[in-house]
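Work through the exercises below with the model open beside you. Try each task before reading its solution.

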Amino acid sequence: VLKAEDTVRGFKSAVLRDAENRIASGDMAVDTAFLLHALASCCEHIADHSTNMAEQVLYAVTGTIVRHCEAGWTEVDL
């Protein structure tokens, strides 16, 4: 779950890029693109909540605190 966060963000970007291209070519209505954007945002929120739950499970089971930073997921020593 923790490693999939970037994948979800990439999925959202790909969906939005595709929608932009389809709007520009006339293959998609703007209203449809707005719906796709809303759905992609919901998927991103679900992924964020899943990440938060995974962090809590790791802490509850192992006592490990993980934080996301630019370099990736790291353990925080207490």
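## Exercise 1: Salt bridges in the first helix

Asp18 has a relative accessible area of 34%, so Asp18 is partly exposed. This is a predicted model.

**Task.** Find the salt-bridge partner of Asp18, and state how far apart the two residues lie in helix H1.

**Solution.**
1. Asp18 pairs with Arg22; their closest N and O atoms are 2.9 Å apart.
2. The cut-off for a salt bridge is 4 Å, so this pair qualifies.
3. Both residues belong to helix H1 and are 4 residues apart, about one turn of the helix.
4. Residues three or four places apart in an α-helix point the same way, because there are 3.6 residues a turn.
5. Arg22 is partly exposed, with 39% relative accessibility.

Now take a second pair. Asp6 and Arg9 form a salt bridge at 3.1 Å, N to O. They are 3 residues apart in helix H1, so about one helical turn separates them. Asp6 is partly exposed at 48%, and Arg9 is partly exposed at 36%.

## Exercise 2: A link between helices

**Task.** Which residue forms a salt bridge with Lys12, and are the two buried or exposed?

**Solution.**
1. The partner is Glu44, with closest N and O atoms 2.9 Å apart.
2. Glu44 sits in helix H2 and Lys12 in helix H1, so the bridge ties together parts 32 residues apart in sequence.
3. Glu44 and Lys12 are both buried.
4. The salt-bridge count comes to 3.

## Exercise 3: The second helix

**Task.** Check the length of helix H2 against 1.5 Å a residue.

**Solution.**
1. Helix H2 covers residues 30-62, which makes 33 residues.
2. The expected span is 1.5 Å times one less than the number of residues.
3. That gives 48 Å, and the end C-alpha atoms are 48 Å apart, so the two agree.
4. The buried residues of H2 include Ala33, Ala40, Ala47 and Ala54.
5. Just after H2, Gly63 has a positive phi of about 80°.

## Exercise 4: Surface and confidence

**Task.** Which residues form a nonpolar patch on the surface? Where is confidence lowest in the chain?

**Solution.**
1. The patch consists of Ile23, Val30 and Phe34, with about 280 Å² of accessible area together.
2. Ile23 lies in helix H1 (residues 5-25) and is partly exposed at 31%.
3. Confidence is lowest in strand E2 (residues 72-76), with a mean pLDDT of 60, and highest in H1, at 92.
4. Where pLDDT is low, predicted coordinates should not be read in detail.
5. For the chain, the mean pLDDT is 85.

Definitions and conventions: Residues are numbered from 1 along each chain as its sequence is written. This is a predicted model: local features need pLDDT of at least 70, side-chain atom pairs count only at pLDDT 80 or more; totals for chains, interfaces and linings use all residues. Side-chain values use heavy atoms; hydrogens and water are left out. Patches are made of residues with over 30% relative accessible area and no salt bridge: like charges are joined within 9 Å, nonpolar side chains (Val, Leu, Ile, Met, Phe, Trp, Tyr) within 5 Å. Accessible areas come from the Shrake-Rupley method with a 1.4 Å probe; for residues, only the protein chains shown count as cover. A salt bridge is a side-chain nitrogen of Lys or Arg within 4 Å of a carboxyl oxygen of Asp or Glu. Buried means under 20% relative accessible area, exposed over 50%, partly exposed in between (1.4 Å probe, protein chains only). pLDDT is the predictor's confidence in each residue, from 0 to 100.
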